Amino acid sequence: TQSTRPQRLLHAVQKNATRGDPRSVVKAIDNFCRQKEWAMNVGDEKGCILDSVVSEVNPVTVLELGTYCGYSTVRIASLLPPRAKIITLEFNPDYAKIARQVIAWAGLEDKIQVVEGPSGEWIPKMKEQFGVKTFDLVFLDHWKDRYLPDTKLLEDCGLLRKGSILLADNVICPGTPDYLEYVRNSPRYKSQYFKSHLEYTKAEDGLEKSVFLG
Ligand SMILES: Oc1cc(-c2ccc(F)cc2)cc2nccnc12
Ligand SMILES: [Mg+2]
């Protein structure tokens, strides 16, 4: 039976990356996506912006919405301080299965919890299920029409605190106009756009960084 793109991406990691070396896993995926097949990872260019935001925030609790194959999960987790944790939500079970193996190859299982299911159902359960109080950093990289409702849900569930950072991928391509309008016009956020390109292409895209003001 025909393999899937995530399966081929995983095989490229297992073939080209060193076990326990997260940066080699990131490199192997970027090479695969540049030389073999495009895939919807945040990629190396936007990934550098992600790295700088993570390093600046130095988060202890991170929420990622949209795991896919775990590229950004590994990228973020490799920069976290020792006790810090990242919870990553993935709706698609096939993606989650691949992501767990990519994360294991990177040796980052202890810092990462992959949770399968709809973000809209899991966000209200974060406190009771995972003992989370608030998130220091949220990386939004899932379905574009979920960015705004999930942000409002995070607010309503008290999962954001003064200074929590939201970092959103794909605000230009595919685009999240309702989310952008909200975080750029709401008095509860201070927003900043980081212009970049759609992963592995010349098309414009960017990341929106928004600080929750409480
Ligand atoms: O980074 C991304 C890119 C794209 C995407 C797909 C097809 C195109 F033509 C352009 C862009 C979709 C995404 N879905 C979820 C999370 N991240 C995504
Ligand atoms: Mg994306």
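Here are a few notes on this predicted model, from the overall fold to the ligand and then the backbone.

1. Let's start with the fold. The protein has ten helices and seven strands. Its radius of gyration is 16 Å, close to the 17 Å that the globule rule gives for 214 residues, so the protein is as compact as a globular protein of that length. Measured out along the principal axes, the C-alpha trace spans about 50 × 40 × 35 Å.

2. Now for the ligand. The space that ligand 1 takes is the largest pocket. Around ligand 1 you will find Trp38, Met40, Asp141, His142, Trp143, Lys144, Asp169, Asn170, Cys173, Pro174, Leu198 and Glu199. Sorted by class, this shell has six nonpolar, two polar and four charged residues.

3. Which side chains have an N or O atom at 2.5 Å, 2.7 Å or 3.4 Å from an atom of ligand 1? For Glu199, the partner is an oxygen atom of ligand 1, at 2.5 Å. For Asn170, the partner is again an oxygen atom of the ligand, at 2.7 Å. For Lys144, a nitrogen atom of ligand 1 lies 3.4 Å from an N or O atom of the side chain. As for cover, ligand 1 has 410 Å² of accessible area on its own, and the protein covers 72% of that.

4. One peptide bond deserves a look while you have the ligand on screen. Cys173 and Pro174 are joined by a cis peptide bond, with omega about 10°. Both residues belong to the surroundings of ligand 1, and Pro174 is found in helix 9, which covers residues 171-175.

5. Another backbone point is Asn58. This residue is not a glycine, yet its phi is positive, about 50°. Asn58 is placed in the loop between helix 3 (43-57) and strand 1 (61-65).

6. As background to the last two points, most peptide bonds are trans, and most residues other than glycine have a negative phi.

Terms used:
Residues numbered from 1 in each chain as written. Chains lettered and ligands numbered in written order. Predicted model: local features only at pLDDT ≥ 70, side-chain atom pairs only at ≥ 80, totals over all residues. Heavy atoms only, no water. Near = heavy atom within 4 Å. Polar contact = N/O pair within 3.5 Å; in protein donor to acceptor, adjacent residues only side chain to side chain. Areas by Shrake-Rupley, 256 points an atom, 1.4 Å probe, with all protein chains shown as cover. 1 Å grid on protein atoms, 1.4 Å probe; cavity = no way out; pocket = protein on both sides within 12 Å on 5 of 7 lines; lining within 4 Å. Sits in = over half its atoms within 2 Å of the grid points. Nonpolar A, V, L, I, M, F, W, Y, C, P; charged D, E, K, R; others polar. Helix = DSSP H or I, 4+ residues; strand = E, 2+ residues; numbered from the N terminus. Rg over C-alpha atoms; globule rule 2.2 N^0.38 Å.
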